[in-house]
Amino acid sequence: FFAQVDGVVAAMSLALNSPHCAFQLLGGMDTDYRDYEPNYLLEHEVLEYYRAKGIAHLNNGGGRTGDSDDSLLFFKKGFTKDDPVDYYIGRTDVFL
C-alpha cells in the first residue's frame, strides 16, 4: 500500500494476511510530506481494504515501548476502540 502526493510516494505500508487476520509489518512516511498526514489516510485505506475482503482483524503491532507517552503506540491505538492485546516474543512451552 502507498499514498502519493503530487505523484510522489509520501507513505507506504507492507501488509500480509491470513484468511482471518491482516498483519501490517512495516510502514514509513517521508517527513517532507508530514503536513499532509499521509499515514492517517493510508491507515484508513488499509483498514477499508481488508474490511471489504471480509477480514475482521488487523494486527498493527505495538509501539516502540509500552509507555503511555509512546507516540507510535498512541497513533496505532487511535484506530481501535479495543484495549491493546498483550503480545509476547520468545519461546513458548506447551505441556500436554
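Start by selecting strand β1 (residues 2-5) and strand β2 (residues 8-17): the two run antiparallel and are joined by 4 bridges. Strands here are DSSP runs of E with at least two residues, helices are runs of H or I with at least four, and both are numbered from the N terminus. Two strands count as paired if DSSP finds at least two bridges between them.

A word on what you have open: this is a predicted model, where local features need pLDDT of at least 70 and side-chain atom pairs count only at pLDDT 80 or more, while totals for chains, interfaces and linings use all residues. Residues are numbered from 1 along each chain as its sequence is written, and side-chain values use heavy atoms, with hydrogens and water left out.

**First hairpin**

Stay on β1 and click Ala 3; its bridge partner in β2 is Ala 11. Now move to Val 5, which is bridged to Val 8 in β2. Between the two strands of this hairpin sit 2 residues. Pick Asp 6 in that turn and check its phi, which is positive at about 50°.

**On to β3**

Next, add strand β3 (residues 21-29), which runs antiparallel to β2 and is joined to it by 7 bridges. The link from β2 to β3 is a hairpin too, through 3 residues. For a bridge to look at, select Met 12 and its partner in β3, Gly 28.

While you are in β2, select Leu 14. Is Leu 14 buried or exposed? Neither: at 37% relative accessibility, Leu 14 counts as partly exposed. The scale is buried under 20% relative accessible area, exposed over 50% and partly exposed in between, using a 1.4 Å probe and protein chains only. Which residues does Leu 14 touch, leaving aside neighbours within four places in sequence? Show Phe 23, Gln 24, Leu 25 and Leu 26, which are in contact with Leu 14 (contact means heavy atoms within 4.5 Å). Then draw a C-alpha to C-alpha distance from Leu 14 to Phe 2: you should get 8.8 Å, for residues 12 apart in sequence.

**The whole sheet**

Now show the 4 strands together as an open sheet with mixed pairing, in the order β1-β2-β3-β4. At the edges are β1 and β4 (57-59), each pairing on one side only. From one strand to the next, the twist averages 25°.

Turn on helix α1 (residues 38-52), which lies across β1, β2, β3 and β4 and runs at about 35° to β2. That angle is between N-to-C directions, on a scale from 0 to 180 degrees, with axes fitted to C-alpha atoms (for helices, over the stretch in contact).

**Aromatic rings**

Show the Phe, Tyr and Trp side chains. Rings pair if their centres lie within 6.5 Å (the six-membered ring for Trp), with planes under 30 degrees apart called stacked, over 60 edge-to-face and the rest tilted. By that rule there are 4 aromatic pairs. Zoom in on Tyr 33 and Tyr 36: the ring centres are 6.2 Å apart and the planes are at 40°, so this pair is tilted. Tyr 33 is buried at 19% relative accessible area, whereas Tyr 36 is exposed at 54%. Then select Phe 1, Tyr 49 and Tyr 50, a cluster linked by ring pairs.

**Zoom out**

Finally, colour by secondary structure to see 2 helices and 4 strands, following the pattern β-β-β-α-β-α along the sequence. Of the 96 residues in the protein, 22% are buried.
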